[in-house]
Structure formats: structure tokens, C-alpha cells
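Reader: Could you take one part of this structure and walk me through it closely? I would enjoy seeing how its surroundings fit together.

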Amino acid sequence: VIRCRAAIAWAPGKPLSVEEVEVAPPKTGEVRIKIVATGICRTDEHLVQGCFPNAEFPVIPGHEGAGIVESIGEGVTSVKPGDKVIPLCTPQCGECNFCLNPESNFCQKSHFSETQNLLPDKTSRFTCKGKQIHHFLWVSTFAEYTVVPEYTIAKIDAAAPLDKVCLLGCGFSTGYGAAINTAKVKPGSTCAVFGLGGVGLSVVMGCKAAGASRIIAVDINKDKFAKAKELGATDCINPRDFKKPIQEVITEMTGLGVDYSFEAIGYADTMIAALASCNMSTGVSVMVGELDSGSKIPIDPTLLLTGRTWKGSVLGGWKMRECIPRLVSSYLEKKFNSDLLITHTLPFAKVNEGFELLRAGKSIRSVLLF
């Protein structure tokens, strides 16, 4: 058993509490990781506020981390102590029908099919003050040490800087892949991106990398426009500057609507606006943002009847265990610069300060260092 620090959410809506926790050794098929760095993602905020589906408290949040293998359980063959790894919030068991389908990045072991609040044997490896603490998506990167199933980790290049590539565990991969893999943005096309947080700006980077000729960035926070243009946006618009719905503004700007639109916020009304912003025949709208648990979207079916395509995207469509090592290699080869998304680097003890920056719209990505 290792004793270390972790940030615990004891109840929804409360600040995280940095505590000493006990982390049990890995069982068969499990890996214990020393987390070096972790990003603060909007999904962690959903969890902390009690809006994440089927979450249980107390829980250790965090799902965008990078670290080093400390020890392995019986039967683990893909990693060894000392390896650099990124834990994955979407598993890839390699055995279910989805994993065996080359066109799918879903896995039946993910939280969409069964909860990931406890490890697969339905027990926790975390205790604090004599109480069992729940895992989050099996990764819980807001702990100095965490235990995960082997099929939720990707071994990465030993040269990778963990304080930078941790973003590839969720935010960057999700947005970049939504453009490259899910929408399959074509050269010369037009795009609209709703929401300029870490994920939305990664969508902008993906659209640019795919050769889009026009990228319209949409946000109510004008402070994010400079970064959006630095990353490839050609136009930046604030819905509050117009008296008409933003989908009408985008349609007028482009003539027919964009070829591809992306919603990276997680609100029903912006998802409908994004869908209506793409052209009515061949337009593709990708849902990237995560709605609060229990949300419903009222939809006019004629938006789809004329031919629009509405798609969802989880973690950018990447088969994570296979693709994350390749993305890390692309990062090292400077094929993209995800470092531009990191606006704050904080010591782990300032985890609540990182959340305040997120809520205030003052950060794109804060990275916590242990």
C-alpha cells in the first residue's frame, strides 16, 4: 500500500479536499501508475458539480493525466515498471464487438455501458480515513498514484514530456480527432466551431490541419478570440453582438451554411444552433460537448430531413490504446503544437484554484504538477 496525496470530491458542489489516501497494489490485470501531471478538463467540473451520469461520491476526479508505471499485477504484459504511459478514460478491451470493429472507437466496458466508479472487480483501490473512495472513469488522475486496468493505458515514447502530452489523454485528442476522424473535414471546406475552450480550440487546430479554407470560431468570451486566430480561425464572432440567432448569422456569412459545424460546449441550444449552421443538404454537425446528465434536446426534424448529418464524437474517434502512442510521436515530430492550449501550470495543491480559473473563463487548460 502506498500513502500519497489525492484531491477528493466528498460531495457534489463542494471544493476538492487534498487528503492523504492509501492506494492498494494492483491486482491481476491491473497497473499502478505514478501520475506526474494532469490537466483540468470541463468533464471534471461536470463530475464535481454532480452533473456526470451515474457518478458516486466520494470520488477522486481527473482523467487527463500522464505518468510512469510503478508496479504491475499478474498477467500484465504490455507495460513494465518505469514505462511512460497515458491512462485512458475510454477503455479498449480489444475483445468486444466495438473494439473488433475497425470503424469504432467505442468499448463496451466504457461508462456508457457500465459504470467505471469501481474497478472491474467492483472494488476500489483507494481509501481515506477508513472510507472507500470511488474511482472516476477508472483513471482518477487527481491522485499521485492510481490503479487502472491494463486495457485503459497507452505506453508512450520515453522522450515525451509528461507535463505537455497529458492533454492528449482527453482535450486535444477529442477536439482534433472530431475534425480529422469524425467529420473528416475536406480541404477547401468551411467550418464553424462553437466554444473555444481546450476542446473547441483543438477542433480549430484539426480543421486547419485538414485544410479548411474558412474556420468561424464562436464564443461569448472575446478574450479567447486571439488564441483562436493564432490556432487557425479565420473569423471570430460573439453571439451577443447580434440581434438574430447565430445560425442565421453564419448562414449569411457563408451563403448556404458551413460544410462542417462542431459544438464543444455541452448546451442543448448551442447544439441545435450548430446543427442549423451547417448547410441543409450535405452539412455535417458534430456533437463534441458533454451535456449535463438527464438533458434532452428538442429538435425540429426538418433540420435533418433535408440531408444534414448529425454525429456524436467521443475522444475524437481514436482507438485510444492504438492511436495515442502515434499521436505522441506526431507531437514529438512537431506535427501539431498542443502546448499552445496550456495557459496555466500549477502545483497540485492549487487544484481548486485551477477550477476557479476554468469557471471564470480565464484558462484554456491548467496543468497540475505533482
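**A close look, starting from one proline**

Author: Happily! Pro-91 touches Cys-107, Lys-109, Ser-110, Gln-116, Trp-138, Tyr-151 and Thr-152, leaving aside residues up to four places away in sequence; contact here means heavy atoms within 4.5 Å. Please keep in mind that this is a predicted model, where local features need pLDDT of at least 70 and side-chain atom pairs count only at pLDDT 80 or more, while totals for chains, interfaces and linings use all residues. Residues are numbered from 1 along each chain as its sequence is written, and side-chain values use heavy atoms, with hydrogens and water left out.

Pro-91 sits in the loop between strand E5 (84-87) and helix H2 (97-100); helices (H or I, at least four residues) and strands (E, at least two) are DSSP runs, numbered from the N terminus. Its relative accessibility is 2%, so Pro-91 counts as buried. Buried means under 20% relative accessible area and exposed over 50%, with partly exposed in between (1.4 Å probe, protein chains only). From Pro-91 to Phe-106 there are 15 residues in sequence, and their C-alpha atoms are 8.0 Å apart in space.

Two other loops are worth a stop. The peptide bond from Phe-57 to Pro-58 is cis, with omega near -5°, and Pro-58 belongs to the loop between helix H1 (42-48) and strand E4 (65-72). In the loop between strand E7 (131-133) and strand E8 (145-149) you will find Ser-140. Ser-140 is not a glycine, yet its phi is positive, near 45°. With a relative accessible area of 0%, Ser-140 is buried.

Let us step back to the whole chain, which is divided into domain 1 (2-169 + 337-369) and domain 2 (175-314); these bounds come from an automatic or database domain assignment. The C-alpha centres of the two domains lie 28 Å apart. Their contact takes 16 residues from domain 1 and 15 residues from domain 2.

The largest nonpolar core has 106 residues, and those with the most contacts inside it are Ile-86, Phe-142, Val-185, Cys-207, Phe-262 and Ile-324. Domain 1 and domain 2 both give residues to this core, so it lies between them. A nonpolar core is a set of buried Ala, Val, Leu, Ile, Met, Phe, Trp, Tyr and Cys residues joined through side-chain atoms within 4.5 Å. Cys-207 touches Ala-179, Val-185, Cys-191, Ala-212, Ile-215 and Phe-262, not counting residues up to four places away in sequence. Apart from this core lies another, of 12 residues, among them Ile-246, Val-249, Ala-274 and Cys-278.

Cys-207 also brings us to helix H5, where it is one of the buried residues, along with others including Gly-198, Leu-201 and Met-205. In total, 10 of the 12 residues of H5 are buried. H5 reaches 16 Å from its first C-alpha to its last, close to the 16 Å expected at 1.5 Å a residue; the expected span is 1.5 Å times one less than the number of residues. Covering the buried residues of H5 are, among others, H4, strand E10 (190-194), strand E11 (214-218) and helix H6 (225-231). After H5 comes Gly-211, with a positive phi near 95°.

H4 itself (residues 171-183) has 13 residues, so at 1.5 Å a residue it should span 18 Å; its end C-alpha atoms are 17 Å apart, which agrees. There is nevertheless a kink of about 45° in H4, centred on Gly-177; the bend at a residue is the angle between axes fitted to the seven residues ending there and the seven starting there. Of the 13 residues of H4, 11 are buried, including Phe-172, Tyr-176, Gly-177 and Ala-179. The buried residues of H4 pack against helix H5 (198-209), strand E13 (260-263), strand E14 (284-287), strand E15 (309-312), helix H10 (320-332) and strand E17 (365-369).

Just after H4 comes Lys-184, in the loop between H4 and E10. Its phi is near 55°, a positive value in a residue other than glycine. At 54% relative accessibility, Lys-184 counts as exposed.

One last piece comes from a record: an unreviewed UniProt entry lists residues 13-368 as "domain: Enoyl reductase (ER)". UniProt positions follow the numbering used here, feature names are shortened, and annotations may be inferred rather than shown by experiment. In the model, the span 13-368 is 26% helix and 22% strand, and its end C-alpha atoms lie 21 Å apart.
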